[in-house]
Amino acid sequence: MIKTGISGLRGTVALGESNLTATAVTQWVQAYVGEVQAQRETAHPRIALGHDARLSSPAIADIARGALRMAGAEVVELGLTLTPTTQLYIRHATLDGGLM
């Protein structure tokens, strides 16, 4: 089951048992961008995108990148990083949001 909360979207990615699908990631990211666009009153928010060291993370980041761009966001690539680093970078670079 996919879970959402303060830590974001959580699901499993395993051979034959994945519930964190490309469709789920795309829908969640596009909803997030819509919320940022409304709050920041901008059609093209600047969103940081990072990923952790899990084997599935680069593939999920690729899906998220495409969804961000389709929704009109400008993607700021962070690559392999830590969640606290992403948060600090968003504030330092005065971005509109971020995904990890």
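Which elements make a right-handed β-α-β unit? In this predicted model, the unit is made by β3, α2 and β4. The description below begins with the sheet, continues with the helices and ends with the nonpolar cores.

The sheet is open and consists of 3 strands in the order β4-β3-β5, with parallel pairing. Its edges are occupied by β4 (74–80) and β5 (97–99); each has a single partner strand, so one side of each is left without a neighbour in the sheet. From one strand to the next, the twist averages 20°. Strands of a sheet pair through backbone hydrogen bonds, in either a parallel or an antiparallel arrangement. Between β3 (residues 46–51) and β4, the parallel pairing extends over 6 bridges. Ala48, for instance, has Val76 in β4 as its bridge partner.

Helix α2 comprises residues 57–70. For these 14 residues, a rise of 1.5 Å a residue gives an expected span of 20 Å, and the end C-alpha atoms are 20 Å apart, which agrees. The buried residues of α2 are Ser57, Ala61, Ala64, Arg65, Ala67 and Leu68. An α-helix has 3.6 residues a turn, so residues three or four places apart point the same way. The cover over the buried residues of α2 includes α1, β3, β4 and β5. After α2 comes Gly72, which has a positive phi near 100°.

Helix α1 (residues 22–40) lies across β3 and β5. Relative to β5, α1 runs at about 170°.

In soluble globular proteins, nonpolar side chains tend to be buried together. The largest nonpolar core of the model contains 13 residues, and Val29, Ile47, Leu49, Leu68 and Leu99 are those with the most contacts inside it. At least two residues of this core are supplied by each of α1, β3 and α2. The greatest contribution comes from α1, which gives 4 residues. With residues up to four places away in sequence not counted, Val29 touches Ala64, Ala67, Leu68 and Leu99. Of these contacts of Val29, Ala64, Ala67 and Leu68 are also among the buried residues of α2. A second core of 5 residues is separate from the largest one and includes Val76, Ile90, Ala93 and Leu95. Val76, listed in this second core, is also the bridge partner of Ala48.

Methods
Residues are numbered from 1 along each chain as its sequence is written. This is a predicted model: local features need pLDDT of at least 70, side-chain atom pairs count only at pLDDT 80 or more; totals for chains, interfaces and linings use all residues. Side-chain values use heavy atoms; hydrogens and water are left out. Two strands pair if DSSP finds at least two bridges between them. Axes are lines fitted to C-alpha atoms, for helices over the stretch in contact, and angles run from 0 to 180 degrees between N-to-C directions. Contact means heavy atoms within 4.5 Å. The expected span of a helix is 1.5 Å times one less than its number of residues. Buried means under 20% relative accessible area, exposed over 50%, partly exposed in between (1.4 Å probe, protein chains only). A nonpolar core is a set of buried Ala, Val, Leu, Ile, Met, Phe, Trp, Tyr and Cys residues joined through side-chain atoms within 4.5 Å. A crossover is right-handed if, with the strands pointing away from the viewer, the path from the first strand over the helix to the second runs clockwise.
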